[in-house]
Amino acid sequence: MRKAVLEAWHNDTSIFIYSGRLNTPYSEPLLGSKYCLHLKGFEVNTARIGDSLYYGCVPVILADHYDLPFMDILNWKSFSVVIASPDIPNLKKILTSISAQEYATLHAKVLKVRKHFQWNRSPLDFD
């Protein structure tokens, strides 16, 4: 899936796709992005989703049959965009079809749910 995304979007200047290590701090691209792509990797355990939420970025989940964290208590479709792998070529069209109001709703819910992804020294309810 990562290869398909790189092949489809590596030349598009409106979608920041990279492979390998970044030359800038990891937070800079996240802070400047409306959406952050999350592609299923080799392991389920990843900090990328939590990182995107922490920086206020709406996650775009590119995966088929993927169990997301806290699925039993969080409605992921209310604060993220879930895209199946056959729709990778339509990624830009899908994201640009989201209205400003729809994006504002997604983003507001990101800011609300990100507390569930914070690590607290003394645990709090629902973290």
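I'll start with the aromatic cluster: F70, W76, F79 and F117 are linked by ring pairs. Keep in mind that this is a predicted model. The structure as a whole contains five aromatic pairs.

Take F70 and F117 from that cluster. Their rings sit edge-to-face, with 5.2 Å between the centres and 75° between the planes. F70 is in the loop between β2 (58-62) and β3 (81-83), while F117 is in the segment after α5 (100-113), so this pair ties together parts that are 47 residues apart in sequence. Are these two rings buried or exposed? Neither label applies: F70 has a relative accessibility of 31% and therefore counts as partly exposed. F117 is partly exposed as well, at 23%.

There is another edge-to-face pair, formed by Y54 and Y55. Here the centre-to-centre distance is 4.9 Å and the planes are at 90°. Y55 has a relative accessible area of 26%, so this residue is partly exposed.

One more ring to mention is Y103. K34 lies over its face, 4.6 Å from the ring centre.

Next, the disulfide. The structure has one, and it joins C36 to C57 with an S to S distance of 2.0 Å. The angle about the S-S bond is 105°, and the link is right-handed. What does this bond tie together? C36 belongs to strand β1 (residues 35-39) and C57 to the loop between α3 and β2, so the link connects parts that are 21 residues apart in sequence. Both cysteines, C36 and C57, are buried.

That brings me to S52, which touches both of these cysteines and also P59, leaving aside residues up to four places away in sequence. S52 is located in helix α3, residues 48-54. Why does S52 count as buried? Because its relative accessibility is 3%, and the cut-off for buried is under 20%.

Finally, confidence. The mean pLDDT of the chain is 80, and 75% of the residues score at least 70. Among the elements of the chain, α5 has the highest mean, 96. The lowest mean, 69, belongs to helix α1, residues 2-9.

To recap the two links I spent time on: the F70 and F117 pair is edge-to-face, and the disulfide between C36 and C57 is right-handed. The disulfide cysteines are buried, whereas F70 and F117 are partly exposed. That is what I have for today.

Conventions. Residues are numbered from 1 along each chain as its sequence is written. This is a predicted model: local features need pLDDT of at least 70, side-chain atom pairs count only at pLDDT 80 or more; totals for chains, interfaces and linings use all residues. Side-chain values use heavy atoms; hydrogens and water are left out. Helices (H or I, at least four residues) and strands (E, at least two) are DSSP runs, numbered from the N terminus. Buried means under 20% relative accessible area, exposed over 50%, partly exposed in between (1.4 Å probe, protein chains only). Contact means heavy atoms within 4.5 Å. Rings of Phe, Tyr and Trp (its six-membered ring) pair if their centres lie within 6.5 Å; planes under 30 degrees apart count as stacked, over 60 as edge-to-face and the rest as tilted. A charge sits over a ring if NZ of Lys or CZ of Arg is within 6 Å of the ring centre and within 35 degrees of the ring normal. pLDDT is the predictor's confidence in each residue, from 0 to 100. A disulfide is a pair of cysteine sulfur atoms within 2.5 Å.
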